[in-house]
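Q: I am new to this structure and would like a close look at one part of it. Could you take me through one helix and the surroundings it packs into?

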Amino acid sequence: MSDEAKDDVVKVIRTPVQLDYNYSAGRSASRFLRSIKEGKLIGQRCPVDGRVYFPSRGSCPQHGVPIEGEPVELVDRGTLVTFSIVRIPAESVPLEIPFVTIQVLLDGADTILMHLLGNCDLEKVHMGMRLKARWKPKEEWEESVANIIYFEPLDEPDADYDSYKEHI
Ligand SMILES: [Zn+2]
């Protein structure tokens with residue numbers, strides 16, 4: 001390759017990609033979405049070992065059985081399991097950068113929820129923090145987890161490590 005040809009090598013191309021999805025929520029996710037529009041957080045219990053999945057997808061991925069029992073209503077409080085500090089803006093995130101994405105284990109749930117942390121200095125974010133949900137005004141509620149703007153610190157002692165370590 002000549003020196004001139006090397007200078008002509010394309011090093012970067014930009015290829016914006018967008019995918020739009022339409023999918024049927026199904027019975028279980030529909031129940032979850034209708035409930036969160038009413039401000040309720042609904043999980044479901046595995047009939048084999050009793051673990052509470054939130055949100056439930058209608059079957060237990062561990063045991064391969066349908067989850068059809070009574071819904072389990074959870075509180076809007078939980079424990080911060082892991083987090084990331086994000087310094088790149090994201091269209092879907094209504095917070096200024098840097099913002100914090102979190103995995104939160106709601107009290108009574110056995111699976112984690114991915115969400116955002118707000119109203120907290122970056123230096124103070126840590127695993128085991130106790131959190132509560134900050135909801136949008138009720139008149140803005142839709143069938144969406146975004147009804148919760150973010151989770152924020154709760155004035156409680158940190159959760160015991162053993163209570164959330166299996167979710168890390
Ligand atoms: Zn199960």
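A: The buried residues of helix H2 (26–37) pack against strand E1 (41–45) and strand E7. Helices (H or I, at least four residues) and strands (E, at least two) are DSSP runs, numbered from the N terminus. Buried means under 20% relative accessible area, exposed over 50% and partly exposed in between, with a 1.4 Å probe and protein chains only. In H2, the buried residues are Ser 28, Ala 29, Ser 30, Phe 32, Ser 35 and Ile 36.

A word on what you are looking at: this is a predicted model, where local features need pLDDT of at least 70 and side-chain atom pairs count only at pLDDT 80 or more, while totals for chains, interfaces and linings use all residues. Residues are numbered from 1 along each chain as its sequence is written, and side-chain values use heavy atoms, with hydrogens and water left out.

Back to the helix. The expected span of a helix is 1.5 Å times one less than its number of residues. For the twelve residues of H2 that gives 16 Å, and the end C-alpha atoms are 16 Å apart, which agrees. After H2 comes Gly 39, with a positive phi near 85°.

Now for the strands on the side of E1. An open sheet of three strands runs in the order E2-E1-E3, with antiparallel pairing. Strand E2 (52–53) and E3 are at its edges with a single partner strand each, so one side of each has no neighbour in the sheet. Two strands pair if DSSP finds at least two bridges between them; E1 and E3 have four, in the antiparallel sense. Ile 42 has Glu 73 in E3 as its bridge partner.

E7 (residues 130–135) belongs to another set of pairings. Strand E4 (residues 77–86) pairs with E7 in the antiparallel sense over three bridges, and Thr 79 stands opposite Arg 130. E4 also pairs with strand E5 (residues 99–106), antiparallel over eight bridges, where Thr 82 faces Gln 103. E5 in turn forms a hairpin with E6, with six residues between them, and Gly 108 in the turn has a positive phi of about 90°.

H2 also contributes to the largest nonpolar core, which has 23 residues; Leu 41, Phe 54, Leu 74, Ile 102, Leu 131 and Phe 151 have the most contacts inside it. Two or more residues each come from H2, strand E3 (71–74), E5, strand E6 (113–117), E7 and strand E8 (148–153). E5 gives the largest share, four residues. Such a core is a set of buried Ala, Val, Leu, Ile, Met, Phe, Trp, Tyr and Cys residues joined through side-chain atoms within 4.5 Å.

Phe 54 shows how the helix is linked in: among the residues it touches are Phe 32, Leu 41, Ile 42, Leu 74 and Leu 106, leaving aside those up to four places away in sequence. Contact here means heavy atoms within 4.5 Å.

Finally, the wider setting. The domain assignment gives domain 1 (24–74) and domain 2 (76–168); such bounds come from an automatic or database domain assignment. Both domains give residues to the core, so the core lies between them. Their C-alpha centres lie 20 Å apart, and 15 residues of domain 1 are in contact with 19 residues of domain 2. The two domains bury about 1,400 Å² between them, 65% of it on carbon and sulfur atoms; buried area is the accessible area (1.4 Å probe) that two parts lose on being put together, summed over both.
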